[in-house]
Amino acid sequence: MFDLVTGSISKTEGSKTQDETRQGEAYAPFAGDPNLYKKRFYIESYGCQMNFADSEIVASILNQEGFGATRNLEEADLIFINTCSIREKAEQTVRKRLTEFRKLKEKKRGMLIGVLGCMAERLKAKFLEEEKLVDMVVGPDAYRTLPGLVEEAGTGQKAINVLLSRDETYADISPVRLDSNGVSAFVSIMRGCNNMCAFCVVPFTRGRERSRDTASIVAECRDLFEKGYREVTLLGQNVDSYYYNNESAGEQITFGKLLEQVALISPLLRVRFSTSHPKDITDEVLYTMAKYENICRYVHLPVQSGSTRMLQLMNRTYTREWYMAKVDRIREIMPDCGISSDVIAGFCTEEETDHQDTLDIMEYSRYDLSYMYFYSERPGTLAQRRYKDDVPEDVKKRRLQEIVDMQYKLSLESNQRDLGKTYKVLIEGTSKRSDADWMARNSQNKVIIFPKEAYDLKPGDYAMVNVTECSKATLLGKIVETI
Ligand code: SAM
Ligand code: SF4
Ligand code: F3S
């Protein structure tokens, strides 16, 4: 459901959102014997999938140092909060949570609190001034230095490292899977962003774009497959600009080539990716997707606005027509491809006609799903420095509601088009609503719920499911064949 007050979307069953700011969860990655660890850490993550993937790197580094994870805040020696700065609301949520951690710290002497991620990077030492009980501030490229920082903070000093790097990709660190369903996993393929969209804080919090060594990505995906995982999502702010120059082999690996290498690990391993910047997704990528059945028929193609004037102000580098042609191209090469988007309402100077262009492009693109936000001015961004945040809040909210209503209509229509169709689905687990049902996903990334019946199936298995009913959020079906 969409929450107009917070400007965020809460999870529907099994939804995997791109960057919704959500209440983080506590994770317990008890890798091996929990008694191996003398000390405990607790980590809570907010923001995009990349942040969640980073928490798995942090868990790995902390495990090496003898810290085991706990879901129980009270028994933690270290508390980390991996933060997001994308909208003001995201930062407010973190500050609220920190006040709760502070109360715990007052009760437990020696407990250390660390702030990780984008908010740490944005605020740097200011964080330590503003939040007196925070002991560590660690930016997204500085996690290797965590052991030293923990030691330093343990002696009563404030510890900080917010240096951004031009080459850090954590390629050699094997993530400790947190809160995993054992079926799908995220794999970071690049970090940073060079795009400078006017509204966005990410280039400032994540630094320059860099691609991870291809061999390490393929090895991580193969290892996941061998451990029983059946789906990997390749992550980056702009995956289509992945480029790795393998000098020793004299090879230049584009995103299309990387996709192919991952797809070839096994036809049983599904491959997804997120996010594609519309300007960068190439025919090479689209044809590679079409060639391999196990590369999912789904593209997240954030439009942000349907007005060329707004797109120019946003520095998105494409026009309305160019974007529409890209949607046409995707549908031409893969008629059954799912498409989703991110939309911002009420960016600086937005008029009713611009807003109508957004509603119109949503309808044209027939999005299956969108993540929708109202514009939140972020300090230091191009927009904050150059333009006035001049759309009144009530107008932003009304436009956002119209965008949400449009998406609800499109999602329902999209699901209705699926009625009667049979899809190959990957079972992710038991439905949250009923133990008698499975929750699975089709290639187009839609959630399908269906009765387990007497079939001997388990998470990670594939099945053919016929769609019998739908709502705007979910498809309901019935198994017609096991695989
Ligand atoms: N890299 C992706 C791309 O280029 O589309 C998206 C990255 S960002 C983490 C996810 C989404 O947050 C964006 O697509 C945009 O819709 C939204 N967003 C970013 N900055 C925002 C802001 N200042 N106010 C509201 N929404 C914002
Ligand atoms: Fe932000 Fe634009 Fe980079 Fe996406 S491509 S992370 S919206 S600057
Ligand atoms: Fe938020 Fe940073 Fe991701 S700002 S959306 S956690 S890259």
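This briefing describes selected features of one protein model. The model is predicted. Two ligands are treated, ligand 2, which sits in the largest cavity, and ligand 3, whose space is the largest cavity as well. The text then turns to the aromatic pairs, of which the structure holds eight, and to a few residues with notable backbone geometry.

**Annotated domains**

- An unreviewed UniProt entry lists residues 39-155 as "domain: MTTase N-terminal".
- This span, residues 39-155, is 49% helix and 21% strand. Its end C-alpha atoms lie 16 Å apart.
- The unreviewed UniProt entry also lists "domain: TRAM", at residues 416-481.
- Over residues 416-481 the chain is 5% helix and 55% strand. The end C-alpha atoms of this span are 22 Å apart.

**Ligand surroundings**

- The residues that surround ligand 2 include four between 193 and 197, namely C193, N195, M196 and C197. Also among them are F199, C200, V202 and P203.
- The surroundings of ligand 2 further include Q237, H277 and R316.
- By class, seven nonpolar, three polar and one charged residues make up the shell around ligand 2.
- Ligand 3 has 11 residues around it, and those that come nearest are C48, C84, S85, C118 and Q237.
- The shell around ligand 3 consists of five nonpolar, four polar and two charged residues.
- Q237 thus appears in the descriptions of both ligands: it is listed around ligand 2, and it is one of the residues nearest to ligand 3.

**Aromatic contacts**

- A pair of aromatic rings is described by two quantities, the distance of the centres and the angle of the planes.
- Among the eight aromatic pairs of the structure is that of F199 and F347. The ring centres of F199 and F347 are 6.2 Å apart and the planes stand at 80°, so this pair is edge-to-face.
- F199 lies in the loop between β10 (190-191) and α6 (202-206), whereas F347 lies in the loop between β17 (338-345) and α12 (352-365); the pair therefore ties together parts that are 148 residues apart in sequence.
- Both F199 and F347 are buried.
- F347 also pairs with Y375: the centres of these rings are 4.8 Å apart and the planes are at 80°, so this pair too is edge-to-face.
- Y375 is found in the loop between β18 (369-374) and α13 (382-386), and F347 in the loop between β17 and α12, so their pair ties together parts that are 28 residues apart in sequence.
- Y375 is buried, as is F347.
- Together with Y387, the residues F199, F347 and Y375 form one aromatic cluster.
- F199 links two topics of this briefing, since F199 is one of the residues surrounding ligand 2 and also a member of the aromatic cluster.

**Backbone geometry**

- Most residues other than glycine have a negative phi, and most peptide bonds are trans.
- The peptide bond from S274 to T275 is cis, with omega near 5°. T275 lies in the loop between β15 (270-274) and α9 (283-291).
- N315, a residue other than glycine, has a positive phi, near 60°. N315 belongs to the loop between α10 (308-313) and α11 (320-333).
- With a relative accessible area of 30%, N315 is partly exposed.
- E453 likewise has a positive phi, with a value near 50°. The loop between β21 (447-451) and β22 (462-470) contains E453.
- E453 is partly exposed, with a relative accessible area of 38%.

How values were computed
Residues are numbered from 1 along each chain as its sequence is written. Chains are lettered from A and ligands numbered from 1 in the order in which they are written. This is a predicted model: local features need pLDDT of at least 70, side-chain atom pairs count only at pLDDT 80 or more; totals for chains, interfaces and linings use all residues. Side-chain values use heavy atoms; hydrogens and water are left out. UniProt positions are given in the numbering used here, feature names are shortened, and annotations may be inferred rather than shown by experiment. Helices (H or I, at least four residues) and strands (E, at least two) are DSSP runs, numbered from the N terminus. A residue is near a molecule or strand if one of its heavy atoms lies within 4 Å of it. On a 1 Å grid over the protein atoms alone, a cavity is a set of points where a 1.4 Å probe fits but cannot get out, and a pocket is an open set with protein on both sides within 12 Å along at least five of seven lines; lining residues have an atom within 4 Å of a point. A molecule sits in a cavity or pocket if more than half of its atoms lie within 2 Å of its grid points. Ala, Val, Leu, Ile, Met, Phe, Trp, Tyr, Cys and Pro count as nonpolar, Asp, Glu, Lys and Arg as charged, and the others, Gly among them, as polar. Rings of Phe, Tyr and Trp (its six-membered ring) pair if their centres lie within 6.5 Å; planes under 30 degrees apart count as stacked, over 60 as edge-to-face and the rest as tilted. Buried means under 20% relative accessible area, exposed over 50%, partly exposed in between (1.4 Å probe, protein chains only).
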